[in-house]
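Let's take a walk through this structure together, from its interior outwards to a few individual residues. Keep the 3D view open as you read.

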Amino acid sequence: MTDRRTGVTLLGATGSIGRSTLRVVARHPDRYRIVALTGARRADTLDSLARDVDPDFVVLAHEPSAGFEPRWPGEWRYGPEQLAAAATGVEAGIVVNALVGYAGLESTLAALGAGRRLALANKESLVAGGELVLEAWRAGGGELVPVDSEHSAIHQCLVGRPPEEISRLILTASGGPFRSLPADRFASIKPEDALAHPTWSMGDKITVDSATLANKALEVIEAHLLFGVPYDRIDVVVHPPSIVHSFVEFRDGSTIAQMGHPSMEIPILYALSAPERLPNEFRPFDPIADGPLEFEPVREAEFPMFGLGVAAGRAGGTQPAAYNAANEVAVRAFLDHQLSFPGIAAVVEKVLTHMEPRPVSSLEDVEAADVEARSRAREAARTLS
Ligand code: NAD
Ligand code: MG
């Protein structure tokens with residue numbers, strides 16, 4: 001009997017989005033089958049996930065440590081080049097890119113180029129690749145369905161309406177753990193303070209990005225690229241309860257919002273099933289119990305990573321890739337106690353003022369900007385620490 005289930009290749013299975021995706025797929029065994037799982041370094045974790053779902057193969061992007069003996073008896077592939085190869089695997093109808101950072105770009109390009117449905121959590125690949133990703137999407141004829149909750153919300157509100165009918169996108173932001181902290185206290189913020197997010201439980205990198213609001217700048221760029229809406233018509237509003245995931249204002253005066261409790265399993269399920277809606281066990285939104293739904297403006301002056309990112313998006317070309325790379329380096333240095341919290345923005349600002357946006361026509365153009373920005377950011381972080 002032929003298997004009618006949709007194959008799912010899950011890149012970044014050992015991470016936060018990866019684990020949530022496995023929970024979502026496990027609730028719909030009649031619809032989806034995991035074809036491949038990938039991880040970076042944690043071979044034991046990947047091994048135990050593989051024993052649970054029994055995929056066709058697994059990929060470990062880095063060589064395992066000496067003495068690692070897999071208990072799952074299936075096919076193990078090693079090396080970063082195997083990630084993009086997994087994204088084009090013959091049976092995979094859907095590729096979930098839950099990698100973190102620039103490392104996901106080649107997989108995003110490969111999945112779209114092969115005409116797959118790409119369920120994209122790895123926003124950094126879209127931001128850094130920009131036009132290149134859009135070209136792969138057009139040329140491959142596949143689908144790009146966002147997993148990011150704000151963009152999933154917009155996708156759901158749009159239901160296919162074209163950019164000219166949209167008068168404004170309003171992305172919501174939780175505001176992160178320092179939403180109301182006075183700026184003169186920012187210098188004493190420790191990594192563990194930044195990792196304590198009030199409403200979402202996520203990987204370390206995006207949690208720090210949420211604390212600096214770099215995440216929201218990446219999301220503004222992501223929205224611009226995904227929905228073709230100019231930057232002038234993309235706004236951000238802080239919404240601490242994280243119930244309204246974003247709004248679309250249409251030219252006829254209607255504003256439509258998508259709501260739900262803050263769980264990534266809802267946008268992940270939608271990215272797999274869209275436009276169909278499958279049953280889910282989540283507690284629905286209750287207007288009385290879950291109110292009031294407060295909104296406040298972004299404190300742009302106190303959170304410079306937001307404005308720097310949006311400016312990089314507006315500058316276009318290689319500048320979003322440079323912003324992203326500098327941020328990745330600065331966040332790592334902050335998590336390693338090598339850089340202060342305000343130092344993240346100082347590093348990124350320094351890198352961007354030294355880099356001119358160049359046009360992007362190939363992966364090499366993006367890579368060159370990524371490499372240069374990383375090297376400048378490491379240097380800037382050294383001089384600041
Ligand atoms: P995470 O750190 O928890 O997981 C990242 C995964 O990528 C892991 O499986 C890790 O092994 C793998 N990985 C990391 N570096 C790699 C490399 N160089 N090569 C190969 N594999 C590598 O991150 P996360 O929180 O799950 O986030 C994943 C992506 O989803 C990010 O782009 C993030 O911005 C986005 N996102 C996450 C959330 C969330 O709730 N966690 C929400 C919205 C968007
Ligand atoms: Mg988001």
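The paragraphs below go through the cores, a pair of helix contacts, two covered helices, a metal site and a loop residue. Please keep in mind that this is a predicted model.

A good place to begin is the interior. In soluble globular proteins, nonpolar side chains tend to be buried together. Here the largest nonpolar core has 92 residues, and Leu169, Phe178 and Tyr323 are the ones with the most contacts inside it. The element that gives the most to this core is helix H13 (residues 319-335), with 11 residues. There is also a second, separate core of 33 residues, with Val8, Ala43, Ala119 and Leu269 among its members.

Tyr323 is worth selecting in your viewer. Leaving out residues up to four places away in sequence, Tyr323 touches Ala214, Ala217 and Leu218, then Met305, Leu308, Gly309 and Ala312, and finally Val348 and Leu352.

Several of these names return when we look at how H13 meets helix H12. Two packed helices are described by the angle between their axes and the distance between the axes. For helix H12 (residues 304-315) and H13, the axes come within 7 Å and cross at roughly 150°. An angle over 145 degrees counts as roughly antiparallel, and H12 and H13 are therefore roughly antiparallel to each other. On the H12 side the contact is made by Met305, Leu308, Gly309, Ala312, Gly313 and Ala315, while H13 brings Gln319, Pro320, Tyr323 and Asn327. Sorted by class, this contact has six nonpolar and four polar residues, and no charged ones.

Next, compare that with helix H9 (residues 204-212) and helix H10 (residues 214-227), whose axes come within 5 Å and cross at roughly 95°. With that angle, H9 is roughly perpendicular to H10. From H9, Lys205, Ile206, Asp209, Ser210 and Thr212 meet Ala214, Asn215 and Leu218 of H10. The contact of H9 with H10 has three nonpolar, three polar and two charged residues. Just after H9 comes Leu213, and the phi of Leu213 is positive, near 75°.

How much of H9 is covered? Seven of its nine residues are buried, namely Lys205, Thr207, Val208, Asp209, Ser210, Ala211 and Thr212. The cover over these buried residues includes helix H5 (123-129), helix H8 (191-194), H10, H12, H13 and helix H14 (341-353). Val208 makes a nice example from within helix H9. Its relative accessible area is 0%, so Val208 counts as buried. Apart from residues up to four places away in sequence, Val208 touches Leu195, Val331, Phe334, Leu335 and Ile344. For a sense of distance, Val208 and Gly313 are 105 residues apart in sequence and 20 Å apart in space, C-alpha to C-alpha.

Helix H11 (residues 265-273) is another element to pick out: eight of its nine residues are buried, so H11 is largely enclosed by the rest of the structure. The buried residues are Glu265, Pro267, Ile268, Leu269, Tyr270, Ala271, Leu272 and Ser273. What covers them includes two helices, H1 (16-26) and H7 (149-158), together with strands S2 (32-39), S5 (92-97), S6 (117-120) and S7 (143-146). Leu269 has already appeared above, as one of the residues of the second core.

Now turn to the metal. Which residues are the protein donors of the magnesium ion (ligand 2)? They are Asp148 (OD), Glu150 (OE) and Glu219 (OE), lying 2.1 to 2.3 Å from the ion. Along the sequence these donor residues are spaced D-x1-E-x68-E. Asp148 is buried, with a relative accessible area of 7%, and Glu150 is buried too, at 8%.

Our last stop is Thr14, found in the loop between strand S1 (6-11) and H1. Thr14 is buried, with a relative accessible area of 11%. Beyond its neighbours within four places in sequence, Thr14 is in contact with Arg19, Thr38, Gly39, Arg42, Thr45, Leu46 and Leu49. One of these partners, Thr45, lies in helix H2 (residues 43-53). Thr45 also counts as buried, at 18% relative accessibility, because buried means under 20% relative accessible area. Setting aside neighbours within four places, the contacts of Thr45 are with Thr14 and Arg19. Thr14 and Ser254, by contrast, lie 41 Å apart in space, C-alpha to C-alpha, and 240 residues apart in sequence.

Definitions and conventions. Residues are numbered from 1 along each chain as its sequence is written. Chains are lettered from A and ligands numbered from 1 in the order in which they are written. This is a predicted model: local features need pLDDT of at least 70, side-chain atom pairs count only at pLDDT 80 or more; totals for chains, interfaces and linings use all residues. Side-chain values use heavy atoms; hydrogens and water are left out. A nonpolar core is a set of buried Ala, Val, Leu, Ile, Met, Phe, Trp, Tyr and Cys residues joined through side-chain atoms within 4.5 Å. Buried means under 20% relative accessible area, exposed over 50%, partly exposed in between (1.4 Å probe, protein chains only). Helices (H or I, at least four residues) and strands (E, at least two) are DSSP runs, numbered from the N terminus. Contact means heavy atoms within 4.5 Å. Donors are N, O and S atoms within 2.8 Å of the metal (3.2 Å for Na, K and Ca); water is not among the atoms, so sites may look incomplete. Axes are lines fitted to C-alpha atoms, for helices over the stretch in contact, and angles run from 0 to 180 degrees between N-to-C directions. Angles under 35 degrees count as roughly parallel, over 145 as roughly antiparallel, 65 to 115 as roughly perpendicular and the rest as oblique. Ala, Val, Leu, Ile, Met, Phe, Trp, Tyr, Cys and Pro count as nonpolar, Asp, Glu, Lys and Arg as charged, and the others, Gly among them, as polar.
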